[in-house]
Amino acid sequence: MAAHASVQARGTRARAQHHSALSWAVPVTLGVILGWYATSIVRGGGVLTGTQLALGLVSGAVLAALCFGLGRVQKHLPVGLRAAAYGALSGGSIGFLYSLSGKSVLAASVLGLLIGAGTLLAAFYFFYTRED
């Protein structure tokens, strides 16, 4: 007997997308490490203040959100763009941390560009050699 047209067949319901534990644990861990390190750089061995804690929390949350977002879309990106995204994320993070230490903006930018370029090359090699 035929079913009504509005009745869905079994197994065709859209399932809620569940993220694996690793897909959110890695970004959260990286965010906590960056936030803690940013707070410790700005604190300089002194007493922790609210603005220093806010800087650490916000910078860690931003990195965690960017890492999680990149993890969600990386399979849809071509190899070169995926490697560039990882390079920009790592170079920007390291440049930001270096700028917190009181160095010049130029020095922080150069270090961020060098780290980003190295990460881009390593990520491109990794993704290119493992692509289907």
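The following paragraphs describe the secondary structure, the helix packing and one buried residue of a predicted model.

The chain contains 4 helices and 0 strands, and its elements follow the order α-α-α-α from the N terminus. Of the 132 residues in the chain, 23% are buried. The surface exposed by the chain amounts to about 9,500 Å², and carbon and sulfur atoms supply 69% of this area. Among the contacts in the chain with a separation of 6 or more, 69% join residues that lie 24 or more positions apart.

Two helix pairs were examined for their packing. Two packed helices are described by the angle between their axes and the distance between the axes. Helix 1, spanning residues 21–43, packs with helix 2, spanning residues 50–73, at an angle of about 150°, and the axes of helix 1 and helix 2 are 7 Å apart. Because angles over 145 degrees count as roughly antiparallel, helix 1 and helix 2 are assigned to that class. The crossing of helix 1 and helix 2 is right-handed. On the side of helix 1, the contact is formed by Ser23, Trp24, Pro27, Val28, Leu30, Gly31, Leu34, Gly35, Ala38, Thr39, Val42 and Arg43; helix 2 contributes Gln52, Leu55, Gly56, Ser59, Gly60, Leu63, Ala64, Cys67, Phe68 and Arg72. Divided by class, the contact of helix 1 with helix 2 comprises 12 nonpolar, 8 polar and 2 charged residues.

Glutamine 52, one of the residues that helix 2 contributes to this contact, has a relative accessible area of 13%. Since buried means under 20% relative accessible area, glutamine 52 is classified as buried. When residues up to four places away in sequence are not counted, glutamine 52 touches Thr39, Val42, Arg43 and Val47. Of these neighbours, Thr39, Val42 and Arg43 are listed among the helix 1 residues in the contact with helix 2.

The second pair consists of helix 3, residues 79–100, and helix 4, residues 105–129. The packing angle of helix 3 and helix 4 is about 150°, with their axes 7 Å apart. Helix 3 and helix 4 are therefore roughly antiparallel to each other, and their crossing is right-handed. By class, 15 nonpolar, 9 polar and 1 charged residues make up the contact of helix 3 with helix 4.

Methods. Residues are numbered from 1 along each chain as its sequence is written. This is a predicted model: local features need pLDDT of at least 70, side-chain atom pairs count only at pLDDT 80 or more; totals for chains, interfaces and linings use all residues. Side-chain values use heavy atoms; hydrogens and water are left out. Helices (H or I, at least four residues) and strands (E, at least two) are DSSP runs, numbered from the N terminus. Buried means under 20% relative accessible area, exposed over 50%, partly exposed in between (1.4 Å probe, protein chains only). Contact means heavy atoms within 4.5 Å. Accessible areas come from the Shrake-Rupley method with a 1.4 Å probe; for residues, only the protein chains shown count as cover. Axes are lines fitted to C-alpha atoms, for helices over the stretch in contact, and angles run from 0 to 180 degrees between N-to-C directions. Angles under 35 degrees count as roughly parallel, over 145 as roughly antiparallel, 65 to 115 as roughly perpendicular and the rest as oblique. A crossing is left-handed if the near helix is turned anticlockwise from the far one by less than a right angle, and right-handed if clockwise. Ala, Val, Leu, Ile, Met, Phe, Trp, Tyr, Cys and Pro count as nonpolar, Asp, Glu, Lys and Arg as charged, and the others, Gly among them, as polar.
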